[in-house]
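Let's take a friendly walk through this structure together. Have the sequence and the 3D view ready, and follow along.

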Amino acid sequence: MKIATWNVNSVRARLPRLLPWLETAQPDVVCLQEIKCLDEQFPREALEEAGYRVATYGQKTYNGVAILAKSRIDDVVRGIPGESADAQRRVIGATIGDTLVFSVYVVNGEAVGSEKFAYKLDWMRRFADYVRTLAFSEKLVICGDFNVTFDDRDVYDPAAWREKVLCSTPERDALKRVMEPGLVDAFRRFNEEPGHYTWWDFRTRGFQRKQGLRIDHFLMSEPALAATSAVEIDLVARDGETPSDHAPVIATLG
DNA sequence: ATGGCCAATTTTATTGGA
């Protein structure tokens, strides 16, 4: 089974890239972030015609997450349980077969010390409290755009980014708290080398200059990790016409 | 040091992204 995560930066704008990519990559499950539309605006019919069932948690203009799957999507959880109805829509989870899958879009944070940065740390703490309640003895896959790098290997210019947003110690500590109950950065089980990125800045032509960050991750419980044979970044999907600024990441289980 | 690109809406500017 292939599970993919992709921050598509608007699902409606990206549909001309998403549909052929599904045809080529043939993922069984796709976790989308930044769909940037209401549930009723989601291109559900086109994706169902492509062979996927759809669960969305959309929001106007900003944020919004979704899960696509070729098989049944059960027990859908939208948002962090307990948060208000008008909360930013950043997480959706569901049971697919024997695996609990979450699509997560962590707050960007703008700049270290800003109001949005404080909100990011608060959101991550609330998410960590929720994650703590999940079953780590089962196959648990929490993937998405975490907007945090783990270490210098994930950063094209570590000196320039030192303690900047996406690379700061408080954010990295917040991510560690999410993982603390028993989740692993699955990508690093297969590749220890620096220079593997999942996001590149449009403005600086970062992709063409190979200047990016690794901020899209697969966090897995040990049972999920044990079933995983590969975690790969799809650079082809980031190239070409009208790409997202993020590449998809694909985990192969079983 | 600065800005650059992209998407959506508030649309011919602004906001947010990272």
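A residue is called buried here if 20 or more other C-beta atoms lie within 10 Å of its own, exposed if 12 or fewer do, and partly exposed in between, with C-beta atoms placed from the backbone. Helices (H or I, at least four residues) and strands (E, at least two) are DSSP runs numbered from the N terminus. Please keep in mind that this is a predicted model, in which local features need pLDDT of at least 70 and side-chain atom pairs count only at pLDDT 80 or more, while totals for chains, interfaces and linings use all residues. Residues are numbered from 1 along each chain as its sequence is written, and chains are lettered from A and ligands numbered from 1 in the order in which they are written.

**Helix 5**

In helix 5, which covers residues 169–179, the buried residues are E171, A174, L175 and V178. They sit on the same side of helix 5 because they cover an arc of only 100 degrees around its axis; the arc is that of the directions from the helix axis to the C-beta atoms. On the other side of helix 5, T169 and D173 are exposed. What do the buried residues of helix 5 pack against? They pack against helix 3 (115–131), where a contact means that the C-beta atoms of two residues, placed from the backbone, lie within 7 Å.

**The chain as a whole**

Chain A has 6 helices and 14 strands. Its radius of gyration, taken over C-alpha atoms, is compared with a globule rule of 2.2 Å times the number of residues to the power 0.38. The value for chain A is 17 Å, close to the 18 Å that the rule gives for 254 residues, so chain A is as compact as a globular protein of that length. Its C-alpha trace spans about 45 × 40 × 40 Å along the principal axes. Of the 254 residues in chain A, 43% are buried. Among contacts in chain A with a separation of 6 or more, 68% are between residues 24 or more positions apart.

**An open sheet**

Strands of a sheet pair through backbone hydrogen bonds, either parallel or antiparallel. Two strands count as paired if DSSP finds at least two bridges between them. One open sheet has 6 strands in the order 5-6-7-8-12-9, with mixed pairing. Strand 5 (74–78) and strand 9 (184–185) are its edge strands, each pairing on one side only. Strand 5 runs antiparallel to strand 6 (residues 91–96), and 3 bridges join them. D74 has T95 in strand 6 as its bridge partner.

**Three residues to look up**

| Residue | Place | C-beta neighbours within 10 Å |
|---|---|---|
| S10 | loop between strand 1 (2–7) and helix 1 (11–25) | 14, partly exposed |
| K210 | loop between strand 10 (199–200) and strand 11 (212–213) | 10, exposed |
| V231 | strand 13 (residues 228–233) | 23, buried |

S10 is not a glycine, yet its phi is positive, at about 90 degrees. K210, also a residue other than glycine, has a positive phi near 60 degrees. Leaving out residues up to four places away in sequence, V231 touches A186, F187, F190, F218, V249 and A251.

**Around the DNA**

How many residues surround DNA strand B? There are 23, and the closest are S10, N108, F202, R203 and T204; a residue is near the strand if its C-beta atom, placed from the backbone, lies within 6 Å of it. The residues of this surface divide into 7 nonpolar, 8 polar and 8 charged. Ala, Val, Leu, Ile, Met, Phe, Trp, Tyr, Cys and Pro count as nonpolar, Asp, Glu, Lys and Arg as charged, and the others, Gly among them, as polar.
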